[in-house]
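Notebook open, pencil ready. I want to look up the overall build first and then pick a spot to zoom in on.

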Amino acid sequence: MTEFRIVQPGLLTTVQDLGRIGHQALGVPVSGALDGIALRLANRLVGNSSGDAALEIIGIGPVFTVTDGTARVALVGGGARLIVGDRPALDPGASVTLKEGIEIRVGGPLTGPAYLAAAGGFAVPEFLGSRSTYLRNTFGGFDGRALRPRDMLPLRLDAPPPGAELRLASPWDYAETSAIRVVLGPQDDYFSPDGLARFLGSTYIVTKDADRMGLRLDGPAIDHPRGFDIPSDGIVTGSIQVPGNGKPIILLADHQTVGGYPKIATVISADIARLAHALPGTALRFEAISVAEAEQARRELERRLALHPIEPWSGGFPGEPDEALLYAENLISGVTDGL
Amino acid sequence: MGIGKASGQSAQQAGAAPSVRFLPLGDTGLTVEFGTAIDPALNAAVRSLDAALHAAPPPGLIETVPTFRSLLVHYNPLATSQADLTRAIETLLHRPGLASAPSRRWRLPVCYDTEFALDADAVAAATGLTVEEVQRLHATTEFTIYMLGFLPGFPFLGGLPKVLELPRRTEPRVRVPAGSVAIAMSLSCIYTVVSPGGWNILGRSPVRLFDPQRPQPALVAPGDQVGFAAVDRAEYDRLAAAIERHSLDPIAEFLVP
């Protein structure tokens, strides 16, 4: 069985897919990739289904080797670059086939989460229909935890299927400079008109309290004349709750299923991936739009994602035989017939 | 509309649902709010709508999260719109005789020994009852699970006798032991894993309410009835050891109503 042997795990490397759907009524959070766009693009580059599980890499990238086989991988997002052996770093957003035994590094600096997808996916068991890791309760993914040195992470394929290496013809545009779009509610009536105006008219800074559960913001406090303690109700990814100190918290993938603070607004689904890149110190502004506009924005995002250009590339390194091209020309198809 | 059988009364019984509000959570969530209080009739109405939605899911419905007094409907904005979803739910709310959700009845062992009952003395002092009266009242109450949340499998139990209603501790604990059975406001709860928490702890149950090794990891569900059976320390230890060996799973008495 082909495996990744983890030499250094990086800061926080976990298995994530598009989340654990259908168990929130029992208190089980959705989890999943913080940046679902990068995950889907990485999967597309290696021929996977868009929701297959990949490695989510946060902060510092891992070092690993491939054992007992070869693996096609693609790294997308966070400005991360794959460094194979002692060769120059590959451009991001490209698939490449890794040979056994060579040390692979995910280089930074990382400006957000990066996703390393492997052709065929990772052979970790599903838990409640998902391979996403939920760290707080230690379930899902690889033993319910982040990767550690000497872990052996199994792949589902021993060798990649034939086909050309692929790369993104252009990087994904997250429109980082524009305001984060929100829909007001569900508890916007807990806030005064002044409080709502302050929320929409101010710049908020992401604090160091930023993790997979959420982003704690600093900026002008928003008061809630009707109090800040409500009987807990449901939360979605992107819910912005305002606790007693008046400083908003944006809830992300690992958020609890319910919460007892009033929620002033919700970040629209088309802008959730942008929050994954909001490192501590990032300035955020919010712009309120209607539900119908938010739904339209999501449809546009999906259209843009479906049309995002992908092109074949040689997959080779300068001065080395172009194996991908050989595969593509079917010259060595016998090697892959056994798959 | 019809209501859950756990409650004989409902504010919504008059047919229409005048106080229902539809609140947006961006373009992926719609909260159907029946009221703002923690109340058995409101909660029964939430669970009735939940059951109706599961019996006939409208297009684009992903999942639902019943809470004390509102139902969150997660939806796929690529498969429906919030406007269409709202219309579908309004139709359901106005349909007479909405079926109640099926519920189960559990009898969960709890040990009220001093070692586990970290706040029994404080609760007794605050309520003017003896520790024994507090325990007896808690152990003889039939609770209804209003919702799960906070932690996977963590139940919020409604139906606490009024005399036991207290605020949360002013100083929350950093580590509440797993299995702790506690009360606050009009509710009781059971901590599923070690966690921070501010509720008043009355005892400990050996039952694992969330066990990833089980095919259905969460033991109980919203709408289930829960009663407690007081066990002594020796019985607690015996049950805990059996559960640890997975030779007793689930431990709870399970009755189909």
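I started by counting secondary structure in chain A and got six helices and 22 strands. Here helices (H or I, at least four residues) and strands (E, at least two) are DSSP runs, numbered from the N terminus. I then checked how compact chain A is: its radius of gyration is 21 Å and the globule rule gives 20 Å for 339 residues, so chain A is as compact as a globular protein of that length. Note to self: that radius is taken over C-alpha atoms, and the rule is 2.2 Å times the number of residues to the power 0.38.

Ground rules I should write down: this is a predicted model, where local features need pLDDT of at least 70 and side-chain atom pairs count only at pLDDT 80 or more, while totals for chains, interfaces and linings use all residues. Residues are numbered from 1 along each chain as its sequence is written, chains are lettered from A and ligands numbered from 1 in the order in which they are written, and side-chain values use heavy atoms, with hydrogens and water left out.

**More on chain A.** I looked up the span of the C-alpha trace along its principal axes and found about 70 × 35 × 30 Å. Of the 339 residues, 57% count as buried (under 20% relative accessible area; exposed is over 50%, partly exposed in between; 1.4 Å probe, protein chains only). For contacts (heavy atoms within 4.5 Å) with a separation of 6 or more, 76% come from residues 24 or more positions apart.

**Over to chain B.** I counted five helices and 14 strands here. Of its 257 residues, 58% are buried. Among contacts between residues at least 6 apart in sequence, 65% join residues at least 24 apart.

**Zooming in on a helix of chain B.** Which residues of helix α3 are buried? In α3, residues 120–127 of chain B, I found B:A120, B:V123, B:A124 and B:T127 buried. They cover an arc of only 100° around the axis, so they sit on the same side of α3(B). That arc is the one of the directions from the helix axis to the C-beta atoms.

Next I asked what covers these buried residues. The cover includes α4 (131–139), β9 (180–184) and β12 (200–204) of chain B. On the face of α3(B) turned away from the buried side, I noted the exposed residues B:D121, B:A125 and B:A126. Last entry: just after α3(B), B:G128 takes a positive phi of about 80°.
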